[in-house]
Amino acid sequence: MPGDQLQVLNALDVAKTQWYHFTAIVIAGMGFFTDAYDLFCISLVTKLLGRIYYHVPGSHTPGTLPPNVAAAVNGVAFCGTLTGQLFFGWLGDKLGRKKVYGMTLMVMVICSVASGLSFGHKPKSVLATLCFFRFWLGVGIGGDYPLSATIMSEYANKKTRGAFIAAVFAMQGFGIMAGGVFAIIISAVFEAKFPAPTYAEDALGSTVPQADFVWRIIVMFGALPAAMTYYSRSKMPETARYTALVAKDAGQAASDMARVLQVEIESEQHIVDEISNGKSKEFSLFSKEFMKRHGLHLLGTTSTWFLLDIAFYSQNLFQKDIFSAIGWIPPAQTMNAIQEVFKIARAQTLIALCSTVPGYWFTVAFIDVIGRFAIQLMGFSFMTVFMFALAIPYNHWTHKENRIGFVVMYSLTFFFANFGPNVTTFVVPAEIFPARFRSTCHGISAASGKLGAIVGAFGFLYLAQSPDKNKTSAGYPPGIGVRNSLIMLGVVNFLGVLFTFLVPEAKGKSLEEISGENGENENTNNGNRTVPIV
């Protein structure tokens, strides 16, 4: 009858935190560790690629990637990720989470390795190969977003569901940090083994031939953690919510979860039949009924993720330029090629260690205490404040005596991105939509985010250039400068504050209660109230 919940789903909702929860977090989380490593490691080696393949004899500064090539190298994986999020998100609802989960991992492993290989040795062929395989690497990474989030949400209990999903996503912080640490180690080893003069001392000799191995090793290493979890993913049972509510097989769902939870569970096929035969359930994705119930929620999840990723990814991708502008990374001509990789990696690692990783785990700790809505609103608000605090007195921060203050403010912006919307935009779409649309809607929301990342990755390579054409990087037209770019990001963050009011609170509720799949009060929409009732 309407309002009844399957025993197998109730057992999952009220289950105490057990070993299988942590196993699921690790299995899903290692995918996100790899995702972050693969997406962000490219920003560590773009300067090196410019020195190796675009050296200009007689130039006073090291070679740099041409604007179109730099935009492609930095952004092509995001295009693939967007594609993968839409395709594998849809496939996860059609074929099941488990069947598709292993596919995404194998794509990631193969393309991580292939990214470090080249068809030919000329700049055009090397960069074309890199971009081709990074696109398909992005497709695999994209598939991991909706599937990992959906699987974790459907396995978790309702009391700590937010923390479990957030913990999966928080592995991104360790992936970003691991990329920096590994680049530090590799560059230190190569610098010790193959010392070279600075660019100012010997332009050609500052980039040793062995430097070509450095970037390849760094981008290929991402295959290792993904490969290590493939077997574990293949052994995970299908989620009970997909099996019972989408595949309509209550017996299999009860059998699978009885093994996982180690309790006896009744199949209750008659309840599944009643739910599936209910007239109120007969609506499709993007139908009038779907838009009435979930349209504003989908607008909320897509818009906030889009706005967040414009700010988040543009910061990450041009943070090395910001550090150079304020003097944290020495001028390129005062270093050799491998030293530059070391200095850029050190800066990224420090930011990850001091703000990115702590921010993620603060969200894990508090998301089921103060709720998704409060954390997201707070995060966007503080990001707005700190971004304007960086931008408006930008000239003040460029003075040598104020550089540490700039780094602190910049780190706080990252901290509140991660103790804020960077995690909640991932968590909420995995909770608020019906099971048969959950993976697809999460994929749509995530793809909207990656569209924002593309805007940030491509757009800010140009926008952050100096308005003075004599001070722009080689090949770039004049932009609006770092200060005005930061002001624009502040405005983007403020819009995120406004659109957060479309996002419902899911704290402490079962997935069926939120989506109305138990047939209870579906038309009232009380279960999807945006701001929690105090």
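## A salt bridge within α14

Arg 293 and Glu 289 sit four residues apart in helix α14, so about one helical turn separates them. That spacing suits a pairing along one face, because an α-helix has 3.6 residues a turn and residues three or four places apart point the same way. In this predicted model, the two side chains do form a salt bridge, with 2.7 Å between the closest N and O atoms. The partners differ in cover: Arg 293 is buried at 9% relative accessible area, while Glu 289 counts as partly exposed at 26%.

For context, the whole structure holds 13 salt bridges by the search used here. The general idea is that side chains of opposite charge can pair when their charged atoms come close.

## Arg 372 and its two acidic partners

Now to Arg 372, which lies in helix α16. Its side chain meets that of Asp 368 in a salt bridge, at 3.0 Å from N to O, and both of these residues are buried. Arg 372 also forms a salt bridge with Glu 431, where the closest N and O atoms are 2.6 Å apart. This second pair ties together distant parts of the chain: Glu 431 comes from the loop between α19 (421-427) and α20 (435-463), 59 residues away from Arg 372.

How buried are the ends of that long-range contact? Glu 431 has a relative accessible area of 0%, and Arg 372 has 1%. Both fall under the 20% cut-off, so both count as buried. Elsewhere, salt bridges with shared partners join Asp 93, Arg 97, Glu 154 and Arg 438 into one network.

## Helix α16 from end to end

Helix α16 covers residues 372-391, which makes 20 residues. From first C-alpha to last, α16 reaches 28 Å, close to the 28 Å expected at 1.5 Å a residue.

Which residues of α16 are buried? The list is Arg 372, Phe 373, Ile 375, Gln 376, Gly 379, Phe 380, Met 383, Thr 384, Phe 386, Met 387, Leu 390 and Ala 391. So the Arg 372 of the salt bridges above is on it, and so is Phe 386, which comes up again below.

## Stacked rings around Phe 382

The structure has 33 aromatic pairs in total. One of them is Phe 382 with Phe 386, a stacked pair at 6.2 Å centre to centre, with 25° between the planes. Both residues belong to helix α16, four residues apart, or about one turn of the helix. Phe 382 is partly exposed, with a relative accessible area of 34%, whereas Phe 386 is buried at 13%.

Phe 382 has another ring partner, Phe 416: the centres are 4.4 Å apart and the planes meet at 20°, so this pair is stacked too. Here the contact links distant parts of the chain, with Phe 382 in α16 and Phe 416 in helix α18 (residues 403-418), 34 residues apart. Phe 416 is buried, at 12% relative accessibility. Zooming out, ring pairs connect Phe 362, Phe 366, Phe 382, Phe 386, Phe 415, Phe 416 and Phe 419 into a cluster.

## A nonpolar patch on the surface

On the outside, there is a nonpolar surface patch of about 600 Å². Its members are Leu 296, Leu 299, Val 491, Phe 494, Leu 495, Leu 498 and Phe 499. Two helices, α14 (288-325) and α21 (481-499), each supply at least two of the residues. The largest share, five residues, comes from α21.

Phe 494 is one of the patch residues, and it lies in helix α21. Its relative accessible area is 43%, so Phe 494 is partly exposed. Helix α14 is a returning name here: α14 also holds the Arg 293 and Glu 289 pair from the start.

## Cysteines without disulfides

How many disulfides does the structure hold? The count is zero. Take Cys 111 as an example: the closest cysteine sulfur, in Cys 131, is 13 Å from its own, which is too far for a bond. The cut-off for a disulfide is 2.5 Å between the sulfur atoms.

As for cover, Cys 111 counts as buried at 7% relative accessibility. Cys 441 is buried as well, at 0%.

How values were computed:
Residues numbered from 1 in each chain as written. Predicted model: local features only at pLDDT ≥ 70, side-chain atom pairs only at ≥ 80, totals over all residues. Heavy atoms only, no water. Expected span 1.5 Å × (residues − 1). Buried < 20%, exposed > 50% of the residue type's maximum accessible area, 1.4 Å probe, protein only. Patch = residues over 30% accessible without salt bridge, like charges linked within 9 Å, V, L, I, M, F, W, Y side chains within 5 Å. Areas by Shrake-Rupley, 256 points an atom, 1.4 Å probe, with all protein chains shown as cover. Salt bridge = Lys/Arg side-chain N within 4 Å of Asp/Glu carboxyl O. Phe/Tyr/Trp six-rings, centres within 6.5 Å; stacked < 30°, edge-to-face > 60°.
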